[in-house]
Amino acid sequence: MTAKVIDGKAFAARVRAQVAEHVARLKEENGLTPGLAVVLVGEDPASQVYVRNKHASTIEVGMASFEHRLDAATSEAELLALIDQLNADPKVHGILVQLPLPGHLNAELVINRINPAKDVDGFHISNVGLLGTGQKAMVPCTPLGCLMMLRDHHGKLSGLNAVVVGRSNIVGKPMAQLLLGDSCTVTIAHSRTRDLAEVCRRADILVAAVGRPEMITGDMVRPGATVIDVGINRIERDGKAKLVGDVHYESAAAVAGAITPVPGGVGPMTIACLLANTLTACCRAHGLAEPE
Ligand code: NDP
């Protein structure tokens, strides 16, 4: 079997086009421009690339982008003051603090200072609670993008066995909550899981969010399963820099029914979902109908 490739890049382009259309309507009919503020503290090279991409995508769909680049030595008080200012700014509908933050800053404290209605990353404790109890939340972008691709591929997910490898607050846990919300039977695996291969082989849907290059190999995949590879790992192979996922693509694609590539799978969907969340936040802030 050779797996169907789930083209996250093309899917994300469709989502961005829908967002752009909705943004244009908001401008015309309501005189509103959704705004996204991105805060970057320090000079982490990967974070700089992400922030640049987010800025370009935000502008491209017609939204306002507010970038705040702060020195690595910025104090917690200064950062919290900026978040207070963004919370109060009616032009800003979404606030994203790029993680990781430098070690002297308490990420939990900073994230929980964001007005939950503007928390487009969905990391505020209120949004985590709302998602966990099945209420209307801001949903973290990466798992939301994965869910959209899964729904698109499968239609209904009800009753499917889903295994999520990884239990981070950013990806693994919210992914599991979303799959549970769609009535999957969910297993969360992690570094202490016994016989990971056997657990993975039970999955109709296998989501890898581990941060270990090519760790999930074809022998861990049930024939016909759908494999979602969240991992982004920069490695060097044959003297060249290369981006690989947490899944060993060739061996997994030989067994799976469908698979997301790296790059071009989950990554583009994450940014598209960030834009969709910002649009949703803007509509909610003004009591307007939300995008579907
Ligand atoms: P974390 O490091 O926060 O979490 C990794 C998880 O994997 C942990 O729960 C850990 O278990 C588990 N794990 C580690 N080693 C093993 C192992 N040998 N067997 C089983 N489980 C293991 O990572 P993130 O969730 O933040 O990110 C995961 C990956 O996704 C990374 O490659 C990251 O770059 C990528 N990513 C991609 C995004 C995108 O847009 N495509 C967005 C966000 C992340 P334990 O808890 O027991 O330590």
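In this predicted model, helix α6 passes helix α7 in a right-handed crossing. The axes of α6 (residues 141-154) and α7 (residues 172-181) come within 8 Å of each other and cross at roughly 35°. On the α6 side the contact is made by Pro143, Cys146 and Leu147, and on the α7 side by Pro174, Met175 and Leu178. The contact between α6 and α7 consists of 6 nonpolar residues, with no polar and no charged ones.

Helix α6 also lies across strands β7, β8 and β11, and runs at about 160° to β8. These strands belong to an open sheet of 6 strands with parallel pairing, in the order β1-β11-β8-β7-β5-β6. The edges of the sheet are formed by β1 and β6, each of which pairs on one side only. Between β7 and β8, which run parallel, there are 4 bridges; Ala208 has Asp229 of β8 as its bridge partner.

The residue ranges of several strands in the sheet are listed below.

| Strand | Residues |
|---|---|
| β1 | 4-5 |
| β6 | 185-189 |
| β7 | 205-208 |
| β8 | 226-229 |
| β11 | 258-259 |

The ligand is surrounded by 26 residues, of which Gly166, Ser168, Ser191, Gly211 and Thr270 come nearest. Which helix gives the most to the shell around the ligand? That helix is α10 (residues 266-285), with 3 residues. By residue class, the shell around the ligand divides into 10 nonpolar, 12 polar and 4 charged residues, whereas the contact of α6 with α7 has no polar and no charged residues.

Methods. Residues numbered from 1 in each chain as written. Predicted model: local features only at pLDDT ≥ 70, side-chain atom pairs only at ≥ 80, totals over all residues. Pairing = 2+ DSSP bridges. Helix = DSSP H or I, 4+ residues; strand = E, 2+ residues; numbered from the N terminus. Contact = placed C-beta atoms within 7 Å. Axes fitted to C-alpha atoms, helices over the stretch in contact; angles between N-to-C directions. Left-handed = near helix turned anticlockwise from the far one by under 90°. Nonpolar A, V, L, I, M, F, W, Y, C, P; charged D, E, K, R; others polar. Near = placed C-beta within 6 Å.
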